[in-house]
Amino acid sequence: MSDRIFGGIGLLLALIYAWQATIIQESFLSDAVGPKTFPLIIACILALASVYFLLKPDPEPTWPSYGRLAEIFFAALVMLAYAELLPVLGFLIATALASGYLTWRLGTPPLQSVVVGVGTSVGIYIVFKLILGLSLASGILGF
Amino acid sequence: METLSNLADGFAVALTFQNIALALAGCFLGTIMGALPGLGPSNGVAILIPLAFTLGLGATPALILLTSVYYGAMYGGRISSILLNIPGDEPAMMTCLDGYPMAQQGRAGEALALSGVASFVGAFFATWGLVLLAPQLVKVALLFGPAEYFALFTLAFATLGGISATNQAKSAFAAALGLGLAMIGVDTQTGVPRFTFGEVHLYDGIDFLVAIVGLFALSEVFIFLEHRRSAAEEAAKPKIEIGRITPSWKMLRYCTPTMLRTTVLGFIAGVLPGAGASLGSFISYSMEKKLVDPEGKTFGKGDPRGVAAPEAGNNAAAGGALVPMLALGVPGSGTTAVLLAVLLSLNITPGPLLFTQNPDVVWGLIAALFIGNFMLLAMNIPMVGLFTRVLMVPPRILMPVVAMISFVGIYGISGSSFDLMVMVGFGIMGWVLRKMDVPLVPVILGTLLGNEMEVNMRRAVTIADGDYSVLIGSPLTIVLWSVAIIGFILPIFVGGVVKRKMRTARDKEASQTD
Amino acid sequence: MTIIAIRRGLAAAALIACAPLAALAQDFTPDKPECIAPANPGGGWDFTCRQVGKSLQDLGLIPSTMQVVNLSGGGGGVAFAEVVNKRNDNNDLIVAASSATSTRLAQNAFPGNTMNQVRWLASVGADYGVIAVAKDSPVNTLPELLGMMKNDPTSIAIGGGSAVGGWDHLKVLIAAQEAGITDVRGVKYIAFAGGGEAVTQLLAGSLQAFTGDLSEARGFVESGDIKVLAVLAPERLGGEFAGMPTAREQGIDAIGANWRGFYAPGGMSDAAYDYWVGAIGALYASDEWKQTMETNGLAPLDLQGAEFEAFVKDSVDSISALSKEIGIIQ
């Protein structure tokens, strides 16, 4: 069943992709092939493969329980928040928070997670910022 | 003979205390950067440019430092591939396929040591190729026009079928997905935005490093979350075995033909400016699999040859990519593009006259490559034991560190939160695709080669005034297409039929003996 | 049509001569000098930042190391928007720019942004355009090549390192217009990822002609693999390039220079603006920079402050007019 749903989504994706390809605005100056041809070929391959999944699905994979799905969802959410807050909080704070959270959720006791989070953050800061000289986000507090 | 005396002069230039120290530092830093997900060879070199300038190095020492970093990163990429199933950079992607299964079987040490030797073989012979054949090889690069490149990329995609043995439709789906993602951004041929939804951040397209780190590293974090255990359960789990940390002579001998074959293949892929190291490792793996394991019995399940092939191939390609860069001034890969910029800023113009105008630089560089190579081998084999210690760190601590390093690697280069969000999106996509048993390698290959594939087709057809037959218009294109179709595409269909016939025949036999 | 009028006044030279003193006399010095390269490491903008940053420090024109920040995306559009929206009053910040920046501004490729939202500081040099063919090509002069294009546009495929509508393409179209080709859209331009790749395809025989910058072509000119039909400079260049004919002397009045320079946030204080203009001006006048320009194949383009601002405005206006005429933008 999962493969069938996947095939359905794939087909939908192919259709949307093809539709998006047809509305690419062409400029007056165009080469002989144009910007639409190749994306349309790709959409065809995507659609064909999806139809194949619909017709000949593989055996069902083992999906995790809802609890674990929620776990993954929240981890992704934390990562997105990290991306968003990095320039605001600055590298050290944001990284300590995010890595502490992930460490905790992967099964480390809370207190230990805090230590690991801070350690990771400081360690990466030293290697990347002080040794390699990359510009990491400074944040409003200046570090 | 003149070449050899030039090379001797090169060694005289390179063998000073300062240069050897620089090579050592470069190899070490390069290995580390190659191993960290998100920092590939090109970014590694770019990051160290300021260092070379700050130290006030002359042309030759600066080049020695930076090419050592380049070679070091090519070596280092494999470490995280083997230990964590996360490629440190894009050419190391193929090493995951057999390296990680080997590590899971308790042969991490062997896999690391073997890949170190394979990297050395690839890089060593490629450097000789550079010494002896560079001027002739330039002519090979000139054989490839747009139509030939298009055929070459098609061949690369055709070989995909050989890599994931299970469901070919899923490989095709993954490749189309990657190609589709590559189309995002401003079209280089006409300047119109495609699939950007008005988002300026997407105008330059999706950086394949963002895709590779998201798909491999972050999805690995999600997989661990899915299967996490409590600390007590983890402690009860049997320790992962490291195994021996040197490969046996028997294994090395067993893999030698593989290494030699893939060195040649990788080197040629590297010489072609449009192809580069990733294609080198990719083609090496798939061709070798086709040759020694057509049935797909051992490859992908921890075959040492599956580790040796891509490593020899990608390091040979790294050497090969220096040929067009030095002799034509055309970068064959992201890293050589950065090195080219370095050369220009050091007042050296690569191009047809470089070998005659700046022989000290060229030969000093080549000598440095040899030195770096031996240094990397000498450094990597004893360090295998150290690297494998990574496996002793429990995943609940290791995985967050890997995730954070991935974020930093991407953010430190592009400075863009948007890229990080896209990366998280790729992480989730990677998790779903893994659950659905869709291979990730074709997705990366698609994003990596998609644009080049398309623009070369369009260039070829445009030059021919809209005549599509130009795509099979030269002998070389016909050869490439034939290999793709006869060697890889037909067997998918024919092979299925043959296998089914064989199975029914065997079943019949079995029922008769019963 | 002269798309870029290059003004090199003696007055400017005199101004430069006292610039170091002027720079020292400023009442502003940056705490944390920063240069945004609107592309990934290794590109032209990245090197403009790094080279200028290094030279400024070597010459003692800035108090500390210039931090180079890469902010890629949108062909420079992401960095432009970031500077306008988030860092508008930063006094320590400069951003690398080139003809590609003004071309995109002119073609509205940075949605919602215009050149007036930032302050233009100074140029650090220019790279003149060339049109070249392979050494064994029967074509020997620019009018000959353009004549062939006029008679049969499909006979000449010309390649360059920018996208369609980009600077390398526009240079050919300017020349084509000058030669009386009315429908310049018929010109068969093939876009490559860089000038080097286009030259390689010229040597491989896939292309009949090449359009690009002198710095991209010089290695192949010296080796004799390609011959330059015309350099798009107002007058012949000096030194080893003196043998190259200009387009103008062949009766095609086309000039195209790829300049490199910097802009700063629109809300930068006047003191800081003067400081940066002075510092870059002093850098330009130094012997060290002359050496860098020579080795990188950069030709002089010495404009600071208001003069540079006017120059960028000119070039944006003329590219905009040309793009409308051709039909790249409405």
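# A guided tour of chains A, B and C

Begin at Asn85(B), which adopts a positive phi of about 65° immediately after H4(B). The model under inspection is predicted.

## Helix H4 of chain B

From Asn85(B), extend the selection back over helix H4 of chain B, residues 59-84. This helix has 26 residues, and the distance from its first C-alpha to its last is 38 Å, close to the 38 Å expected at 1.5 Å a residue. Now centre the view on Met74(B), where H4(B) bends by about 25°. Displaying the surroundings shows the setting of the helix: H4(B) is largely enclosed by the rest of the structure, because 25 of its 26 residues are buried.

## Chain B as a whole

Next, select chain B in full. Its secondary structure consists of 22 helices and 2 strands. Of the 514 residues in chain B, 65% are buried. Consider also the contacts in chain B between residues at least 6 apart in sequence: 80% of them join residues at least 24 apart.

## Where chain B meets chain C

Keep chain B selected and add chain C. The contact involves 42 residues of chain B and 42 residues of chain C. On the side of chain B that touches chain C, colour helix H3 (41-54), helix H6 (108-143), helix H16 (334-345), helix H19 (395-414) and helix H21 (441-463), each of which supplies at least two residues. H3(B) gives the most to this side, with 6 residues. Colouring by class then divides the side of chain B that touches chain C into 22 nonpolar, 17 polar and 3 charged residues.

## Where chain A meets chain B

Hide chain C for the moment and bring in chain A. Here 59 residues from chain A are in contact with 59 residues from chain B. The side of chain A that touches chain B draws at least two residues from each of helix H1 (2-22), helix H2 (37-55), helix H3 (66-89), helix H4 (91-105) and helix H5 (110-131) of chain A. Select H3(A) in particular, since it is the element that gives the most to this side, with 12 residues. By class, the side of chain A that touches chain B comprises 37 nonpolar, 15 polar and 7 charged residues.

While chain A is displayed, colour its domains separately: the assignment gives domain 1 (2-55) and domain 2 (66-131). The centres of domain 1 of chain A and domain 2 of chain A, taken over C-alpha atoms, are 37 Å apart.

## The largest nonpolar core

Restore all chains and turn to the largest nonpolar core, which has 334 residues. Which residues of this core touch the most other members? They are Leu66(B), Ile444(B), Val95(C), Leu121(C) and Ala175(C). H6(B) gives the most to this core, with 18 residues.

Zoom in on Val95(C). Leaving aside residues up to four places away in sequence, Val95(C) touches Ile36(C), Pro38(C), Ala79(C), Val83(C), Phe262(C), Tyr263(C) and Ala264(C).

## The two domains of chain C

Now isolate chain C and colour domain 1 (10-126 + 257-326) and domain 2 (127-250). Taken over C-alpha atoms, the centres of domain 1 of chain C and domain 2 of chain C are separated by 28 Å. Where the two domains touch, 15 residues of domain 1 of chain C are in contact with 17 residues of domain 2 of chain C. On the domain 1 side of this contact, helix H5 (99-106), strand E9 (257-265) and H12 of chain C are the elements that give two or more residues. H12(C) provides the largest share of that side, 4 residues. The domain 1 side divides into 8 nonpolar, 7 polar and no charged residues.

## Helices H12 and H8 of chain C

Follow helix H12 of chain C, residues 305-326, to Glu325(C), which lies in this helix. Is Glu325(C) buried or exposed? Glu325(C) counts as exposed, because it has 12 C-beta neighbours inside 10 Å. To gauge the separation along this part of the chain, select Glu307(C) as well: the C-alpha atoms of Glu325(C) and Glu307(C), 18 residues apart along the chain, are separated by 27 Å.

Finally, select helix H8 of chain C, residues 195-203, which is mostly covered, with 9 of its 9 residues buried. Among them are Gly195(C), Glu197(C), Thr200(C) and Gln201(C). The tour ends at Gly205(C), which follows H8(C) and has a positive phi, near 90°.

Definitions and conventions. Residues are numbered from 1 along each chain as its sequence is written. Chains are lettered from A and ligands numbered from 1 in the order in which they are written. This is a predicted model: local features need pLDDT of at least 70, side-chain atom pairs count only at pLDDT 80 or more; totals for chains, interfaces and linings use all residues. Two residues are in contact if their C-beta atoms, placed from the backbone, lie within 7 Å. Ala, Val, Leu, Ile, Met, Phe, Trp, Tyr, Cys and Pro count as nonpolar, Asp, Glu, Lys and Arg as charged, and the others, Gly among them, as polar. Domain bounds come from an automatic or database domain assignment. A nonpolar core is a set of buried Ala, Val, Leu, Ile, Met, Phe, Trp, Tyr and Cys residues joined through C-beta atoms within 7 Å. A residue is buried if 20 or more other C-beta atoms lie within 10 Å of its own, exposed if 12 or fewer, and partly exposed in between; C-beta atoms are placed from the backbone. The expected span of a helix is 1.5 Å times one less than its number of residues. The bend at a residue is the angle between axes fitted to the seven residues ending there and the seven starting there.
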